[in-house]
Amino acid sequence: QDIPNYLYYSEIGDFEKAYEVILNTNPFPSITGMVCDHLCQNKCTRVHYDSTLLIREVKRFVSEQEEVKLQPAAANGLKVGIIGAGPTGLSAAYYLALAGYGIEVFETQSQSGGMVQYAIPGFRLTDEAIARDFKRVTDLGVNIHFNHKIDKAAFEQMQSDYHYVYVGA
């Protein structure tokens with residue numbers, strides 16, 4: 001992530017630009033702003049001058065500002081089927097949608113998130129943060145089919161229905 005740039009824009013009060021910088025490399029800043037274990041702070045060379053930079057807290061603060069909408073590229077006519085609506089599947093969906101691909105995601109569970117949704121306790125990560133980050137993906141026109149298990153036959157059908165298939169299970 002472009003940490004120096006989003007810290008710079010935050011420092012000068014341009015939170016919209018800071019948010020945009022974050023979203024260029026991280027589609028889920030609300031989630032990462034809450035659950036990151038911030039090991040980078042142990043290695044921050046700023047400690048030689050005063051104290052470490054609070055990168056996670058800045059990212060979280062910026063992600064709580066008004067949502068920034070990145071503009072997707074024009075549709076390129078290519079379709080991608082994605083298996084799994086966890087962090088990797090939704091990240092792929094986000095960046096491919098921004099690049100102009102038509103995206104369909106197929107998820108076995110009744111909601112998105114994978115381990116983020118089902119394994120991280122609520123005191124570490126709020127439902128609101130998860131919803132805010134995942135809404136960003138669907139706002140780009142990504143269609144997520146829940147309760148949709150992909151078996152061998154469905155996978156073979158996907159290979160003929162889509163230009164590309166991404167397995168993020």
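The exercises below, each with a worked solution, concern a predicted model.

**Exercise 1. Determine which residues of helix H5 are buried, how they are arranged about the axis, and what they pack against.**

Step 1. Helix H5 covers residues 55–63, and its buried residues are Ile 55, Arg 56, Lys 59, Val 62 and Ser 63.

Step 2. Viewed down the axis of H5, these buried residues fall within an arc of 130 degrees, so they line one face of the helix.

Step 3. The partners of the buried residues are helix H1 (3–11), helix H2 (15–25), helix H3 (29–35), helix H4 (40–43) and helix H8 (127–138).

Step 4. Arg 60 is also located in H5. Its relative accessibility is 33%; buried requires under 20% and exposed over 50%, so Arg 60 is classed as partly exposed.

Step 5. Outside its neighbours within four places in sequence, Arg 60 contacts Gly 33 and Met 34. The C-alpha atoms of Arg 60 and Tyr 6 are 12 Å apart, with these positions 54 residues apart along the chain.

**Exercise 2. List the buried residues of H2 and the helices they pack against.**

Step 1. Ala 18, Tyr 19, Val 21, Ile 22 and Leu 23 are buried in H2.

Step 2. The buried residues of H2 pack against H1, H3, H5, H6 and H8.

**Exercise 3. Describe the largest nonpolar core and the second, separate core.**

Step 1. As background, nonpolar side chains in soluble globular proteins tend to be buried together.

Step 2. The largest nonpolar core contains 33 residues, and Ile 103, Val 105 and Val 142 are those with the most contacts inside it.

Step 3. At least two residues of this core come from each of H1, H2, H3, H5, strand E1 (79–83), helix H6 (87–98), strand E2 (102–106) and H8. The element that gives the most is H6, with six residues.

Step 4. Take Val 142 as an example: leaving out residues up to four places away in sequence, Val 142 touches Ala 93, Ala 97, Ile 103, Val 105 and Val 137.

Step 5. A second core, separate from the largest, has five residues, among them Ile 83, Phe 106, Ile 150 and Tyr 162.

**Exercise 4. State how many aromatic pairs there are, and work through the geometry of the pairs of Tyr 101 with Tyr 164 and Phe 106 with Tyr 162.**

Step 1. With ring centres required to lie within 6.5 Å, the count is six aromatic pairs.

Step 2. For Tyr 101 and Tyr 164, the centres are 6.4 Å apart and the planes meet at 75 degrees. An angle over 60 degrees counts as edge-to-face, so this pair is edge-to-face.

Step 3. Tyr 101 is in the loop between H6 and E2, while Tyr 164 is in strand E4 (residues 164–167), so the pair ties together parts 63 residues apart in sequence.

Step 4. Tyr 101 is partly exposed, at 24% relative accessibility. Tyr 164 is partly exposed as well, at 48%.

Step 5. Phe 106 and Tyr 162 also form an edge-to-face pair, at 6.3 Å centre to centre with 75 degrees between the planes. Phe 106 belongs to strand E2 and Tyr 162 to the loop between helix H9 (152–161) and E4, 56 residues apart. Both Phe 106 and Tyr 162 are buried.

Step 6. Lys 79 lies over the face of Tyr 162, 5.4 Å from the ring centre.

**Exercise 5. Find the polar contacts made by the side chains of Ser 30 and Asn 26, and say whether each residue is buried or exposed.**

Step 1. Ser 30 is in helix H3 and counts as buried, at 1% relative accessibility.

Step 2. The side chain of Ser 30 makes a polar contact of 2.9 Å with the side chain of Arg 132. Beyond its neighbours within four places in sequence, Ser 30 is in contact with Ser 63, Ala 129, Arg 132 and Asp 133.

Step 3. Asn 26 is in the loop between H2 and H3 and counts as buried, at 6% relative accessibility.

Step 4. A polar atom of the Asn 26 side chain lies 2.8 Å from the backbone nitrogen of Phe 28. Beyond its neighbours within four places in sequence, Asn 26 is in contact with Gln 1, Thr 32, Lys 59 and Tyr 95.

**Exercise 6. Characterise the backbone and surroundings of Asn 147.**

Step 1. Most residues other than glycine have a negative phi.

Step 2. Phi of Asn 147 is positive, near 55 degrees.

Step 3. Asn 147 is in the loop between strand E3 (143–145) and H9. At 56% relative accessibility, Asn 147 counts as exposed.

Notes: Residues are numbered from 1 along each chain as its sequence is written. This is a predicted model: local features need pLDDT of at least 70, side-chain atom pairs count only at pLDDT 80 or more; totals for chains, interfaces and linings use all residues. Side-chain values use heavy atoms; hydrogens and water are left out. Buried means under 20% relative accessible area, exposed over 50%, partly exposed in between (1.4 Å probe, protein chains only). Helices (H or I, at least four residues) and strands (E, at least two) are DSSP runs, numbered from the N terminus. The arc is that of the directions from the helix axis to the C-beta atoms. Contact means heavy atoms within 4.5 Å. A nonpolar core is a set of buried Ala, Val, Leu, Ile, Met, Phe, Trp, Tyr and Cys residues joined through side-chain atoms within 4.5 Å. Rings of Phe, Tyr and Trp (its six-membered ring) pair if their centres lie within 6.5 Å; planes under 30 degrees apart count as stacked, over 60 as edge-to-face and the rest as tilted. A charge sits over a ring if NZ of Lys or CZ of Arg is within 6 Å of the ring centre and within 35 degrees of the ring normal. A polar contact is a pair of N or O atoms within 3.5 Å; within protein, one must be able to donate a hydrogen and the other to accept it, and residues adjacent in sequence count only if both atoms are side-chain atoms.
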